[in-house]
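Student: Please take me through one part of this model in detail, with the cut-offs behind each term. I would like a close look at the nonpolar core and the elements around it.

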Amino acid sequence: MKKTTASLLLLIGMASTPAFAETNPADPYEGYNRAVFKFNDKADQYVLAPVARGYRKITPKPVRTGVSNFFNNLRDVVSFGSNVLRLDVKRASEDLVRVGINTTFGLGGLIDVAGAGGVPSNKNTLGDTFASWGWKNSNYFVVPLFGPSTVRDTIGNAVTTVYPVKNAVFHTRAGRWGTIGLQAINTRKELLDLTDSLEGAAIDKYSYTRDLYMKVRSRQTGGTLPQGEDDNIDIDELVDSDLPVETGADASNTSVGETADLYLYTPIQTGAPADDAAND
């Protein structure tokens, strides 16, 4: 994780040049996005990050790991549906096996038995499905409270937000709202070390977050971005060689986070979060 974070910081530093202060063709909604980004940043500064730090400090590591595994198990259900829509029998089968094993033998998903057994973790989303259907390029879009995204991924996430998998598990309003809050805290906790490292990494925090996110997301979905003089960065050379990164719509198989968009506000890490290992 430390090596991966260092690689991402290097990419950010290379991306943080005056050229990115100009209008970005992939960001036609920049006025709106900057306003929402500023709101999110303040909400994170005064609410989300402090709560996440408190959660990490007072909650035992096994409990935090179990919470992460539980939500990752729900993500596998979404991934299964996405891969079925993509007619990807192999990955859909892997997702189904993961859900079956972890739900049955992993105490409802609290223990990642399938991961320990070597079953691949795909974590595909509806956004990846849309990309596999041809919508590979999509404009940058910042979602209130959720952070960096694209128009394509926002639409996909909206579907799973309106019809969340956890509603099949929690049947009361209190249970559903409680899991929403816990998932938000757990998600923010997994990113504490990275975001702390990025605080002073660039002059324009909005630009480098956008540019890094779009580079990695486009790489994962097989999309293309408008190229500038400073844009010809080989991500393969900056990201750990042991982090599998695929091109095309199947790139979402890179392992939650799995490069940067998982590290930037939308973590998909499976197993014990890296910050847990560093702080226990």
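Tutor: What follows describes the core first, then the helix contacts, then two loop residues.

This is a predicted model, in which local features need pLDDT of at least 70 and side-chain atom pairs count only at pLDDT 80 or more, while totals for chains, interfaces and linings use all residues. Residues are numbered from 1 along each chain as its sequence is written, and side-chain values use heavy atoms, with hydrogens and water left out.

The largest nonpolar core has eight residues, namely Ala 26, Val 36, Phe 37, Tyr 140, Val 142, Tyr 206, Tyr 213 and Met 214. A nonpolar core here is a set of buried Ala, Val, Leu, Ile, Met, Phe, Trp, Tyr and Cys residues joined through side-chain atoms within 4.5 Å. Buried means under 20% relative accessible area, exposed means over 50%, and partly exposed lies in between (1.4 Å probe, protein chains only). At least two residues of this core come from each of α2 (30-58), β1 (140-143) and α10 (205-221). The helices (H or I, at least four residues) and strands (E, at least two) are DSSP runs, numbered from the N terminus. With three residues, α10 gives the most to this core.

Met 214, a member of the core, is in contact with Ala 26, Ser 138, Asn 139, Tyr 140, Thr 150 and Leu 225, if neighbours within four places in sequence are left aside. Contact means heavy atoms within 4.5 Å. Apart from this core lies another, of five residues, including Tyr 55, Val 67, Phe 71 and Leu 74.

Tyr 32 is in helix α2. Its relative accessible area is 36%, so Tyr 32 is partly exposed. On the same exclusion of neighbours within four places, Tyr 32 is in contact with Phe 141, Val 142 and Pro 144. Tyr 32 and Phe 141 are 109 residues apart in sequence, with 8.7 Å from C-alpha to C-alpha.

Next, the contact between two helices that supply the core. The axes of α2 and α10 come within 11 Å and cross at roughly 105°. That angle makes α2 roughly perpendicular to α10. Axes are lines fitted to C-alpha atoms, for helices over the stretch in contact, and angles run from 0 to 180 degrees between N-to-C directions. Angles under 35 degrees count as roughly parallel, over 145 as roughly antiparallel, 65 to 115 as roughly perpendicular and the rest as oblique.

A second pair is α3 (61-85) and α8 (residues 173-189), whose axes come within 10 Å and cross at roughly 110°. The two are therefore roughly perpendicular to each other. From α3 the contact uses Arg 64, Val 67, Ser 68 and Phe 71, and from α8 Thr 179, Leu 182, Gln 183, Asn 186 and Lys 189. Val 67 and Phe 71 are also among the residues of the other core.

Finally, the loops. Leu 87 sits in the loop between α3 and α4 (89-105) and has a positive phi of about 60° although it is not a glycine. Leu 87 is exposed, because its relative accessible area is 73%. Leu 107 is in the loop between α4 and α5 (113-116), and its phi is near 55°, a positive value in a residue other than glycine. Leu 107 counts as exposed, at 60% relative accessibility.
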